[in-house]
Amino acid sequence: MSVEMSKPVPRPGILDIAAYVPGKEHAAGVTRVYKLSSNETPLGASPKAIEAFKAAAGNLERYPDGQALELREAIASVHGLNPANILCGNGSDELLGLLCHVYLGPGDEGIITEHGFLVYKIQIMGAGATPVVVKEKNHTVDVDAILAAVTDKTKIVFIANPGNPTGTYIPVSEIRRLQAGLPKHVVLVLDAAYAEYVRRNDYESGIEVVSSNANVVMTRTFSKAYGLAALRVGWMYAPVEIIDALNRVRGPFNMNAPAIAAGAAAIRDQSFIQEAVSFNQMWIEKLTNALEAIGLKVTPSVANFVLIHFPETDGKRAADADEFLTSRGYILRAVRSYGFPNSLRMSVGPEEANHGVIEALGEFMGRKA
Ligand SMILES: Cc1ncc(COP(=O)(O)O)c(C=O)c1O
């Protein structure tokens, strides 16, 4: 007979997990606030997606399609894929969790990188497994460090490409080298949440690598360039065996009907995305140049945010800048929990907010420390 407890007790390890803290939203006493802390798009969603969302309101009494076929077919047709290789999730976060639930258990290890997205660690620990953290090089995923950390307990490797909060990427040649160096039973997760924004010839989101290997999956999201963060729409491109395993444990109606309808309409509207990407490209360059011109260091970014590093001087640190910006209504993201105690991450925002932050940081840096 098992020992009786006075109250329910979570599995070992669950209470060791530090819960995810989302980006701040409010600034006390400031009426006009710009939230630049969650990498949301300043351009909203496609009008076609909004229309589809509204139309879905007419049928709220009905269960959604548990296979999310309309959305999977729309994604498949835009990306030239087979819908059988696509699984949709309540945000890509859900898919990251399902992968851990299915492929990890106590005694297993999941490899993540030094500045990797925090959800990986949470989900690895949630599955009762052990996160193994490897160093990055120049704020960039280091394939050799990952391969050196593989043991016979390794079951999964997570990399974000581009990375969050770094905004850096590794080229497809490095992804191939990573896949080739991993044992065939280790699942390699390529989290391409920011893929739409990348404009580099040597970048590939993962489609080609997934197509030619049985142990690689790519996750994507509609929360960033597509502007549907509120609806929670993510998808995964993966071998059918992996999709089949995840389908056995996911909620039968994990995607809600308005999300399916809006997601399908959003991905069909590629001209909207092209505009969003051009706007972002212009602002990533402008922000990087302007911030460097006022004496700050910025990690080169291919995504929709920049990681800004502050001086080690008293009064000029990231925490001081955070306070200064917040009092003016600009909310950036503190990234201490990502291993950057003296940096802030800023999402590309609307024009006036981007100008406002540049101006405010100019003033901040010019101040006497
Ligand atoms: C690297 C990375 N992966 C995944 C996600 C989660 O996206 P979703 O909104 O689809 O759950 C984010 C969101 O911030 C992210 O930055």
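Tutor: Let's start with what counts as a helix: helices are DSSP runs of H or I with at least four residues, strands are runs of E with at least two, and both are numbered from the N terminus. This is a predicted model, where local features need pLDDT of at least 70 and side-chain atom pairs count only at pLDDT 80 or more, while totals for chains, interfaces and linings use all residues. Residues are numbered from 1 along each chain as its sequence is written, and side-chain values use heavy atoms, with hydrogens and water left out.

Student: Where does Asn 354 lie, and what makes it buried or exposed?

Tutor: Asn 354 is in helix α12. The scale is buried under 20% relative accessible area, exposed over 50%, and partly exposed in between, using a 1.4 Å probe and protein chains only. Asn 354 has 0%, so it's buried. Beyond its neighbours within four places in sequence, Asn 354 is in contact (heavy atoms within 4.5 Å) with Trp 283, Leu 287, Met 346, Ser 347, Val 348 and Gly 349.

Student: Why are α10 and α12 called roughly parallel?

Tutor: First, how the angle is taken: axes are lines fitted to C-alpha atoms, for helices over the stretch in contact, and angles run from 0 to 180 degrees between N-to-C directions. Under 35 degrees is roughly parallel, over 145 roughly antiparallel, 65 to 115 roughly perpendicular, and the rest oblique. The axes of α10 (residues 270-293) and α12 (residues 351-366) cross at roughly 10° and come within 10 Å, so the pair counts as roughly parallel. On the α10 side, the contact uses Phe 279, Met 282, Trp 283, Leu 287, Ala 290 and Leu 291. Asn 354 is one of the α12 residues that take part.

Student: What makes α1 and α9 parallel or antiparallel?

Tutor: The axes of α1 (residues 47-56) and α9 cross at roughly 155° and come within 8 Å. That angle falls in the over-145 class, and α1 and α9 are therefore roughly antiparallel. In this pair, Lys 48, Ala 49, Ala 52, Phe 53 and Ala 56 of α1 meet Pro 258, Ala 261, Ala 262, Ala 265 and Ala 266 of α9.

Student: And what about α2 and α9?

Tutor: Helix α2 (residues 69-79) packs on α9 at about 15°, with the axes 8 Å apart, so the two are roughly parallel. Among the α2 residues in this packing are Leu 71 and Ile 75, while Gly 263 and Ile 267 are among those from α9.

Student: Which hand does each of the α9 crossings have?

Tutor: A crossing is left-handed if the near helix is turned anticlockwise from the far one by less than a right angle, and right-handed if clockwise. By that rule α1 with α9 is right-handed, and α2 with α9 is left-handed.

Student: Why is the largest nonpolar core said to lie between the domains?

Tutor: A nonpolar core is a set of buried Ala, Val, Leu, Ile, Met, Phe, Trp, Tyr and Cys residues joined through side-chain atoms within 4.5 Å. The largest one has 61 residues, and Leu 71, Ile 159, Phe 222 and Trp 235 touch the most other members. Helix α9 (residues 257-268) gives the largest share, six residues. Domain bounds come from an automatic or database domain assignment, and domain 1 (18-44 + 271-365) and domain 2 (47-268) both contribute, so the core lies between them. There's also a second, separate core of 29 residues, including Leu 87, Leu 99, Ile 243 and Val 335.

Student: How far apart are the domain centres, and how many residues make the contact?

Tutor: The centres, taken over C-alpha atoms, are 25 Å apart. Domain 1 puts 29 residues into the contact and domain 2 puts in 27.

Student: What makes Asn 39 and Asn 138 stand out in the backbone, and which is buried or exposed?

Tutor: Most residues other than glycine have a negative phi, and most peptide bonds are trans. Asn 39 has a positive phi of about 55°, and Asn 138 one of about 50°. At 0% relative accessible area Asn 39 is buried, whereas Asn 138, at 69%, counts as exposed.

Student: Which peptide bonds are cis?

Tutor: Asn 161 to Pro 162 is cis, with omega near 0°, and so is Asn 164 to Pro 165, with omega near 15°. Pro 162 sits in the loop between β5 (154-160) and α6 (172-181), and Pro 165 is in the loop between β5 and α6 too.
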